[in-house]
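Subject: Structure handover

Dear colleague,

Please find the structure below, with the sequence. My notes on it follow.

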2 protein chains.
Amino acid sequence: MCEILINFAFNLNCSSYKMLVEAGLYLIPCQLSDGPLEWDLPAHNTEVVRGIRHFVVESLRSARRFIKKCDRSIDIDALTFHELNEHTDLKDTAAIEALLDPIEQGEAVGVISDAGCPAVADPGADLVAIAQRRGYKVVPLVGPSSILMSLMASGFNGQRFAFEGYLPVDGQARQARLKEMVRRIERERQTQIFIEAPYRNNQLIADLACHLPSRLRLCVASDITGEHQSIITRTLGAWKQANYNYHKVPTIFLLYQ
Amino acid sequence: MCEILINFAFNLNCSSYKMLVEAGLYLIPCQLSDGPLEWDLPAHNTEVVRGIRHFVVESLRSARRFIKKCDRSIDIDALTFHELNEHTDLKDTAAIEALLDPIEQGEAVGVISDAGCPAVADPGADLVAIAQRRGYKVVPLVGPSSILMSLMASGFNGQRFAFEGYLPVDGQARQARLKEMVRRIERERQTQIFIEAPYRNNQLIADLACHLPSRLRLCVASDITGEHQSIITRTLGAWKQANYNYHKVPTIFLLYQ
């Protein structure tokens, strides 16, 4: 009797809703850091993962680890995995299209990238485009995004913003891009968001502080959701005087007036 | 004995981690639709809400309802609430700054908007800017964002994108903005994301299909996370032929080549 009650309490809590994962393409966000799943993913995501047998993943190793973290009882060997990443030949459209075949059979396909949200600053968009073209159901799940979370915490304009990816490495193209970014901040009140190869983070801050008007504000957001999360907004003038070290730490940058 | 065991199982499950909400400004996302909390918010967010006594909210009524949904046992009358929304006089900086006073006393302040993520296409950024200027800790939590989720599911470029807010209503300014958006799609491969007053959704689709090149693709994402969620990408040519009705449904639009 005692055991039945315990199980009942546990089930009530764990599965207060039942779900069926319908045919379609599910975009499943992954954690940005190593904390507990409850920290940055809704419980629903775990239910979806439990209901999917076919996965398209950025890397096999990290996707398997993530699925095991969702539920240790999942039989990983019963699942199919295909990698889709920067090494994938996107011109081999037949191979890419084949990744969606289970949907045609009435099954669900899950996309998991290494960190954050699939198809945003991460692989996956090409596969989603094919799914959309074929009229399949596409379902994005909630999860952590360094772009969105840094924007929330920057204090910058969240009514207009642009994510620019990596800045050009080359001197002249880089200067032209920075100039255009300042123009869009001043004329359009558009927050500018961008990233850099992590080993050049410190250099980028010095670079911005040196070449752009010192009254502009720079938000440096590093280790989002991690133990050492730090999201700091200062004028470029103040960054010029500040001590900092973001060397090789995952960091995202935001610029505004 | 039986009761003790049940409680033990329940606690293990509910509070497998303990948390202390440190002094700082917490940006607490709210649901976009009426489903269970577990559907789109991490369990951690509820723990944070439990640990906060001072709230700055877009509207009192919806924030109280959200907090009660997080935990019915929270004593709402023991909390302080201040509204910050489009009716707030942002020039009264002393009043706005005062909202952060609890942080000076070592307490946490939570920001809750009516739907989605505070400070992104929602009020809150001005308050965050003050918190950043004062050097307070600013902590964004994970939650649903129609901008991010629609981008994930659109199949469009997630390496470069811009959220433009509302398009200008006026004919000439609107046409100029649309032209510039097409330019940025074609030259910069930048996905364009925007919104419209919900009673003009259908008109906007007709408008885009009429004025822009028919080979461009439009993604229409409506009722995100809701029961009638629909995220559909088609060429403008196909939208022109399609039957649709998004009248007064919360909808977000994405345009790409």
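I start with one helix of chain A. The buried residues of α3(A) are covered by elements that include β1 (24-28), α2 (37-40), α4 (60-70) and β4 (108-112) of chain A, together with α2 and α3 of chain B. Helix α3 of chain A runs over residues 43-50, and 6 of its 8 residues are buried, which leaves the helix mostly covered. The buried ones are Ala43(A), His44(A), Asn45(A), Thr46(A), Glu47(A) and Val49(A). Please keep in mind throughout that this is a predicted model.

Chain A as a whole

Chain A has 257 residues, of which 42% are buried. It contains 11 helices and 10 strands. The C-alpha trace of chain A spans about 65 × 50 × 30 Å along its principal axes. Of the contacts in chain A between residues at least 6 apart in sequence, 77% join residues at least 24 apart.

Chain A is divided into domain 1 (18-140) and domain 2 (146-256). Their C-alpha centres lie 30 Å apart. Where the two domains touch, domain 1 of chain A contributes 9 residues and domain 2 of chain A contributes 8 residues. On the side of domain 1 that touches domain 2, 4 residues are nonpolar, 4 are polar and 1 is charged.

The contact between the chains

Chain A and chain B each put 53 residues into their contact. On the side of chain B that touches chain A, at least two residues come from each of α1 (2-14), α2 (37-40), α3 (43-50), α7 (125-133), β5 (138-140), α8 (146-154), β6 (161-166) and β9 (230-235) of chain B. The largest share of that side, 7 residues, is supplied by α1(B). By class, the side of chain B that touches chain A consists of 35 nonpolar, 13 polar and 5 charged residues.

The sheet that runs through both chains

Strand β6 of chain A (residues 161-166) pairs with β6(B) in the antiparallel sense, over 3 bridges. In this pairing Phe161(A) is placed opposite Phe163(B) of β6(B).

The two β6 strands belong to an open sheet of 10 strands with mixed pairing, in the order β9(A)-β8(A)-β10(A)-β7(A)-β6(A)-β6(B)-β7(B)-β10(B)-β8(B)-β9(B). At the edges stand β9 (230-235) of chain A and β9 of chain B; each has a single partner strand, so one side of each is left without a neighbour in the sheet. On average, and with direction ignored, neighbouring strands of the sheet are turned by 15° against each other.

Within the chain B part of this order, strand β7 (residues 191-195) and strand β10 (residues 251-256) of chain B pair in the antiparallel sense over 3 bridges. There, Ile193(B) stands opposite Leu254(B) in β10(B).

A parallel pair in chain B

Strands β2 (residues 54-57) and β3 (residues 80-83) of chain B run parallel and are joined by 4 bridges. Val57(B) has Glu83(B) in β3(B) as its bridge partner. Between these strands the chain passes from β2(B) through helix α4 (residues 60-70) of chain B to β3(B), a β-α-β crossover that is right-handed.

When you open the model, I suggest looking at the sheet with both chains shown, with β6(A) and β6(B) as neighbours in the strand order.

Regards

Key:
Residues are numbered from 1 along each chain as its sequence is written. Chains are lettered from A and ligands numbered from 1 in the order in which they are written. This is a predicted model: local features need pLDDT of at least 70, side-chain atom pairs count only at pLDDT 80 or more; totals for chains, interfaces and linings use all residues. Two residues are in contact if their C-beta atoms, placed from the backbone, lie within 7 Å. Ala, Val, Leu, Ile, Met, Phe, Trp, Tyr, Cys and Pro count as nonpolar, Asp, Glu, Lys and Arg as charged, and the others, Gly among them, as polar. Two strands pair if DSSP finds at least two bridges between them. A residue is buried if 20 or more other C-beta atoms lie within 10 Å of its own, exposed if 12 or fewer, and partly exposed in between; C-beta atoms are placed from the backbone. A crossover is right-handed if, with the strands pointing away from the viewer, the path from the first strand over the helix to the second runs clockwise. Domain bounds come from an automatic or database domain assignment. Axes are lines fitted to C-alpha atoms, for helices over the stretch in contact, and angles run from 0 to 180 degrees between N-to-C directions.
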